[in-house]
Each structure stands twice: as C-alpha cells, then as structure tokens.
Amino acid sequence: MGWWRSKQATKEAVESDATRESEAPYIPTIETKPLLTVESVERTFQVGGQPLHVLKGIAMELRPRQLVMLRGRSGSGKTTLLNMIGGLDQPTKGHIFFQDLPFHSMNDDERTKVRRKHIGFIFQAYALMPLLSAYENVELSLRMAGIPSQEWKKRVEHCLDLVGLAKRMHHRPFELSGGEQQRVAIAKAIAHRPSMLLADEPTAELDSQMAAQIMSVFQTIIRTEQVTICMTTHDPTILEVADHVYEMVDGKFI
Ligand SMILES: Nc1ncnc2c1ncn2[C@@H]1O[C@H](COP(=O)(O)OP(=O)(O)OP(=O)(O)O)[C@@H](O)[C@H]1O
C-alpha cells in the first residue's frame, strides 16, 4: 500500500470512529470526584516493644471505574495499605476518605457497615465455602449483605454469567480449577453491588493464562458493574492493563 492510500485508510478509520462516537451517548470515562483518598498515611506496629514503621507517608486516589495496582516486593506494605483502604485497619497517622466518610476516625462498627454495603474483597486463596456450590457461595454473600431473598436468584445467575461460569454454577469448589474458583470468588465479591473491589494478589496462585482471564473479568466488571478495583500484585506481566500503578518500596511510593 502506497503512502497516500495508507493515509487515506487512516483518515477513513478516524472518520468512521468519529461517526460512531457522535452516535454514541456521552459517558465520561473518569469522573472528577475520587471514590477514595489516602492522605499522608502512616502505620506503625509495636513488635516486641519496638515500633515497626510499615507505611511511611502514603498518598493516593482511586477514581470511579479505575483499575489500580499496588506493586512491590514481599514485605513492602501492600497488604497493610489494602487493609486500610478497605476499612479493616486504621492508620497511625493520616487520613483515608471513602467518598466523604473518614475511615481514619470511624469506629469498627461504623466501618463494618460501610464495608458490607460498599466494598468487596478477593483474596489469593479464594476463600470459598468448600461444601457449598458456586451458586450457594454467591448466594451466601447476598444473604450476609441483607439483600431481599426474592432478588437472589437473578443476581446470583447474573454474577456467575459475568465471570463466565453460568455452566458451572452447581459445581463445588473442589470440582473447579483454580482460575474458576477465583472467578466464583469474584462473583461472590461483586454480588451485593459494591462500588469498590479490593483484591490481594488475586492471580498469585494461577498460571499466566488463568491470570489473564481474571484480568479480563476485572475489565468486564468495571464496565458492566461500574466498580473500581484496587489490587496488589508481584506479577509484572499484568501491569499493562492497569489505569494506574503505584510502586511501593519499603512503605513508600516511588
Ligand atoms: N499486624 C502486624 N503486626 C506486626 N507487623 C506486621 C503486621 N502486619 C504486617 N506487619 C509487617 O509489615 C510488613 C509489611 O507487611 P505486608 O503484609 O503489608 O507486606 P506485603 O507487601 O503485602 O507483602 P507480601 O507481598 O508478602 O504479601 C512486614 O514486615 C510485616 O511483617
């Protein structure tokens, strides 16, 4: 293809994109107000009577429908930070606002209520009930969140369909592969429609193909469920799908 023709092809592609864009409804990709704001956060543990400074002044933001990754070596403080973002732990110093709610000054009961309604968690080791089927595992999370029982069936089926497991919903965890179990855990974590999903090393136990499937499911649920995802990882190969990567070294971002 000559220079002119390739230029013409590009022009046509741009014009047809522009036409599609003008027909599509306007959906802003990134809203301006952050979902979560972390300001000057420090976390110190007392170990054997000595202070251990694990987080040393962290500032970050999560915006609606972003996929954000925390990357760093083992022991750098990623899980400690994720626990704080999810309201499971509180900073020694600094502020964490989930929307307008000050996680740093709210008590355990107040944070638990926010967590149950608005946050979903995914762990490295799936955390499924071994005797319950995929369907029953997801249903359990709706029951725990206090969702009315008449809504369960539709929502459970929808969530399992989203993660590509509609045909496996009556399997128990031991009848599923590691990647499939992690996808059930994702369905379980999004069932109550949280606005934020936190995942601690969700791909660590999986081979690269299964890890790629999990990242593809994350991209789908950001789009369809309007969720924001913050995850920790060691894996450099999955970083390219992130909207933002925070690199942590010894309790600080670099
Ligand atoms: N409750 C605690 N009490 C004392 N020390 C703690 C506590 N929680 C975490 N630490 C210490 O804080 C440091 C950071 O731990 P953290 O689990 O946040 O690291 P990480 O980056 O998530 O590591 P990994 O990738 O191995 O999970 C470690 O030295 C750990 O021993």
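Me: Let's start with helix H4, residues 134-144: which of its residues are buried?
Reply: This is a predicted model, so take the picture as the predictor's view. Asn 137, Glu 139 and Ser 141 of H4 are on the buried list. The others on that list are Ala 134, Tyr 135, Val 138 and Leu 142.

Me: And what do the buried residues of H4 pack against?
Reply: Val 138 is one of those buried residues, and it is also listed with the most contacts inside the largest nonpolar core. The packing partners of the buried H4 residues are two helices. They are helix H5 (152-162) and helix H6 (178-190).

Me: Which residue just after H4 takes a positive phi?
Reply: H4 covers residues 134-144, and the residue in question sits just after that helix. Its phi is about 75 degrees, and the residue is Gly 146.

Me: Okay, on to the core: how many residues does the largest nonpolar core have?
Reply: Across the protein, 33% of the 254 residues count as buried. In the largest nonpolar core, the residues with the most contacts include Ile 85, Leu 160 and Leu 197. The size of that core is 55 residues.

Me: Is Ile 85 buried or exposed?
Reply: Ile 85 is found in helix H2. The cut-off for buried is 20 or more other C-beta atoms within 10 Å. Ile 85 has 23 of them, so it is buried.

Me: Which residues is Ile 85 in contact with, leaving aside neighbours within four places in sequence?
Reply: One handy distance is to Thr 37, which is 48 residues from Ile 85 in sequence and 8.8 Å away in space, C-alpha to C-alpha. The contacts of Ile 85 include Leu 36 and Val 38. The rest of its list is Ile 96, Leu 198 and Cys 230.

Me: Why does Cys 230 count as buried?
Reply: Cys 230 lies in strand E8 (residues 228-233). Its contacts, leaving aside neighbours within four places, are Leu 62, Val 68, Leu 70, Leu 82, Ile 85 and Leu 198. A residue needs 20 or more other C-beta atoms within 10 Å to be buried. Cys 230 makes the grade because its count inside 10 Å is 25 C-beta neighbours.

Me: How far apart in space are Cys 230 and Gln 181?
Reply: In sequence, the two are 49 residues apart. Going C-alpha to C-alpha, the separation of Cys 230 and Gln 181 in space is 20 Å.

Me: What about Phe 218: which residues does it touch, not counting those up to four places away?
Reply: Phe 218 is in helix H7 (residues 208-225) and counts as buried with 24 C-beta neighbours inside 10 Å. One partner is 151 residues away in sequence, with 8.1 Å between the C-alpha atoms. The residues touched are Leu 67 and Ile 229.

Me: Now the ligand: which element supplies the largest share of the shell around it?
Reply: The shell includes Phe 45, Val 47, Gly 75, Lys 78, Thr 79 and Thr 80. At least two residues each come from E1, strand E2 (50-62) and helix H2 (78-85). The largest share is three residues, and it comes from H2.

Me: How many charged residues does that shell have?
Reply: By class, the shell has seven polar and four nonpolar residues. Lys 78 is among the residues around the ligand, and Lys falls in the charged class. The charged count is one.

Me: Is Ser 40 buried or exposed?
Reply: Ser 40 is in strand E1 (residues 36-47) and has a positive phi of about 50 degrees although it is not a glycine. The exposed class takes 12 or fewer other C-beta atoms within 10 Å. Ser 40 has 12, so it is exposed.

Me: Where is Gln 99?
Reply: Gln 99 has a positive phi near 50 degrees too, and with 13 C-beta neighbours inside 10 Å it counts as partly exposed. Its place is the loop between strand E4 (93-98) and strand E5 (101-102).

Me: Last one: over which residues is the pLDDT below 50?
Reply: The protein averages a pLDDT of 88, and 88% of the residues score at least 70. The stretch below 50 has one contact in the model beyond near neighbours in sequence. Where pLDDT is low, the predicted coordinates shouldn't be read in detail. The stretch is residues 1-29.

How values were computed
Residues numbered from 1 in each chain as written. Predicted model: local features only at pLDDT ≥ 70, side-chain atom pairs only at ≥ 80, totals over all residues. Helix = DSSP H or I, 4+ residues; strand = E, 2+ residues; numbered from the N terminus. Contact = placed C-beta atoms within 7 Å. Near = placed C-beta within 6 Å. pLDDT = per-residue confidence, 0-100. Core = buried A, V, L, I, M, F, W, Y, C linked by C-beta atoms within 7 Å.
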